[in-house]
Structure formats: C-alpha cells, structure tokens
Amino acid sequence: MTNTPYGEIWRTQPPRFWNWMWQTRCGAVVTERILSLCLEADSIIEIGCGYGHFCKELLKRGWTGSSYLGFDLSDGPATFSEIVPAVVARKADFMGVLAEDSSAIGNVDLIISQAVLCHQAHWLPMTLAAMKHASAIALDVSYVTDEPLHNPRRRDDGCYDTYISEKLLLTEIAALGLPIKVERLYNNKRGCAELLLTTHKRYALRELPK
Ligand SMILES: C[S@@+](CC[C@H](N)C(=O)[O-])C[C@H]1O[C@@H](n2cnc3c(N)ncnc32)[C@H](O)[C@@H]1O
C-alpha cells in the first residue's frame with residue numbers, strides 16, 4: 001500500500017474486491033445514471049476505473065463511442081485495456097498525469113468516477129481538474145455524512161475515507177459559484193446515501209468568481 005496526496009494505491013487488492021464494489025454499484029441509482037450519461041457520450045474518461053467493471057458494463061449495454069480512457073493507481077487497467085479498440089486503460093494517478101502533461105488528456109465529452117472522490121484528501125481538486133477537461137462530469141461521493149470534512153478516518157484496509165459532509169460540500173460549491181448540480185441518492189445495496197455531482201456546462205478556470 002502506498003499513499004499519494006491524490007489517492008491510495010490499492011496495489012495488492014485482489015480483483016474480488018472490485019467484484020464486490022461492482023455488485024454494490026451495478027443496479028444502484030447513481031451508477032445507472034452515470035451509465036446512461038455515458039451511453040450518450042462519444043469520448044469518456046473514467047478516474048479510478050479499477051478492473052474495468054464499469055467499462056465492460058457500458059460495452060455490454062451497447063456503447064459505441066470513439067474513446068474510453070481509464071486511469072487507476074492499481075494493477076486493474078492492464079486486465080482490460082484494449083478489450084475493444086476504443087478502450088485504453090492506464091495505471092496512473094489522474095492528477096499526476098495532468099500535472100505532468102495535461103495535453104496527454106485533452107478534452108473529452110464526459111469525465112466520470114465512482115467511489116473515488118470519497119478517498120481524496122478533498123473533493124475539489126479532482127473535480128476542478130475533471131471540469132477543465134470535459135464538457136460534462138458525473139462524479140459520485142459515496143458514504144456521505146455531515147461529519148467534519150477535514151477529519152479523514154483511516155480504515156482497517158489502510159485507506160482514508162473522508163466521509164464528505166454534504167452540508168459543507170453544498171456550502172463550498174455555493175461559495176465558489178461552481179456550476180455543479182448535487183443530487184442525494186440512496187444506495188439500497190450499501191445502505192447509505194451517495195451524492196452525484198454533475199455539470200453540463202463547459203467549465204473554464206477563468207470563470208471562477210473574483
Ligand atoms: C473504491 S475504488 C472504486 C473502483 C471503481 N470505480 C468502482 O466503483 O468499483 C477507488 C479506486 O480509485 C483509484 N484511485 C484513487 N485515486 C486515484 C487517482 N488519483 N488516480 C487514479 N485512480 C485513483 C484507486 O486505485 C481505486 O481503484
């Protein structure tokens with residue numbers, strides 16, 4: 001296990017962990033919403049694509065877009081990269097790739113992530129980075145509570161869950177004037193609330209309020 005400022009590297013997690021992750025996501029409202037948005041998108045980036053469960057489900061549902069680019073810190077990408085020509089998955093830190101050479105990513109129709117923001121030190125940097133590189137974003141925040149935002153807990157698997165506070169999240173989005181829509185949806189399989197952050201407006205950093 002190696003921690004980076006932008007996420008924990010789950011190098012040793014076996015694929016069965018992602019099987020469990022997927023079982024509690026597929027059929028759940030947030031994932032179904034993200035799947036339907038992806039079906040309308042030609043180019044997609046998935047941050048934290050893991051072992052490709054989402055990507056494979058998208059293909060099963062008939063996605064025929066021109067490019068899906070997945071990033072994950074784990075060994076997952078190698079297991080499904082290029083299953084069809086449009087799919088490329090890289091073992092990389094999404095934030096690190098952007099910092100080194102943002103032209104390597106360019107601009108896509110939609111950037112998505114699931115169960116990734118809740119593992120970041122803060123929701124904002126990754127969200128802004130996604131908004132900068134896509135016409136639309138659909139990012140979820142799992143396991144939402146109103147506990148203090150900057151009070152990450154170390155779980156027994158060594159990862160930090162920030163348990164992002166919905167109240168603070170909404171306050172920060174309003175204060176920053178970000179064009180982000182936040183929906184609270186319930187995941188029956190997990191027995192917890194999840195937030196879905198979306199935007200359909202192309203976002204430029206220069207639009208930040210002064
Ligand atoms: C809880 S898992 C979710 C996996 C998958 N999205 C799902 O819902 O089944 C979080 C994933 O995000 C990845 N991750 C976290 N921060 C990342 C970053 N900065 N860049 C790329 N992947 C990241 C981790 O390696 C891990 O695979």
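Student: Which residue stands opposite glutamate 46, and in which strand does that residue lie?
Tutor: The model we are reading is a predicted one, and in it strand β3 covers residues 43-47. Four bridges join β3 to β6, and these two strands run parallel. Across from glutamate 46, in β6, stands isoleucine 112.

Student: To which strand do five bridges join β6, and which residue there stands opposite isoleucine 111?
Tutor: β6 is joined by five bridges to β7, and the two run parallel. The chain passes from β6 through helix α6, residues 123-132, before it reaches β7, and this β-α-β crossover is right-handed. Opposite isoleucine 111, in β7, stands isoleucine 137.

Student: What is the order of the strands in the open sheet, and which strands stand at its edges?
Tutor: The open sheet has seven strands with mixed pairing, in the order β5-β4-β3-β6-β7-β11-β10. Two of these strands have a single partner each, so one side of each is left without a neighbour in the sheet. The strands at the edges are β5 and β10.

Student: Which helix lies across β3, β6, β7 and β11, and at about what angle does that helix run to β7?
Tutor: Another helix, α7 (residues 166-176), lies across β10 and β11 and runs at about 165° to β10, so we should take care to keep the two apart. The helix that lies across β3, β6, β7 and β11 is α6, and its angle to β7 is about 155°.

Student: Why do the buried residues of α2 line one face of the helix?
Tutor: Helix α2 spans residues 29-39, and its buried residues are Val30, Thr31, Ile34 and Cys38. They line one face because, when one looks down the axis of α2, they fall within an arc of 95°.

Student: How many residues does the largest nonpolar core have, and which strand gives the most to this core?
Tutor: The largest nonpolar core has 48 residues, and those with the most contacts inside this core are Leu110, Ile111, Ala130, Ala134 and Ile137. For alanine 134, leaving aside residues up to four places away in sequence, the residues touched are Ile45, Asn107, Val108, Asp109, Leu110 and Ile111. With six residues, the strand that gives the most to this core is β7.

Student: How many of the residues of β6 are buried?
Tutor: In the protein, which has 210 residues, buried residues make up 36%. Strand β6 is mostly covered, and of its six residues the number buried is five.

Definitions and conventions: Residues numbered from 1 in each chain as written. Predicted model: local features only at pLDDT ≥ 70, side-chain atom pairs only at ≥ 80, totals over all residues. Core = buried A, V, L, I, M, F, W, Y, C linked by C-beta atoms within 7 Å. Buried ≥ 20, exposed ≤ 12 C-beta atoms within 10 Å, placed from the backbone. Contact = placed C-beta atoms within 7 Å. Arc of directions from axis to C-beta. Pairing = 2+ DSSP bridges. Right-handed = clockwise from strand over helix to strand, strands pointing away. Axes fitted to C-alpha atoms, helices over the stretch in contact; angles between N-to-C directions.
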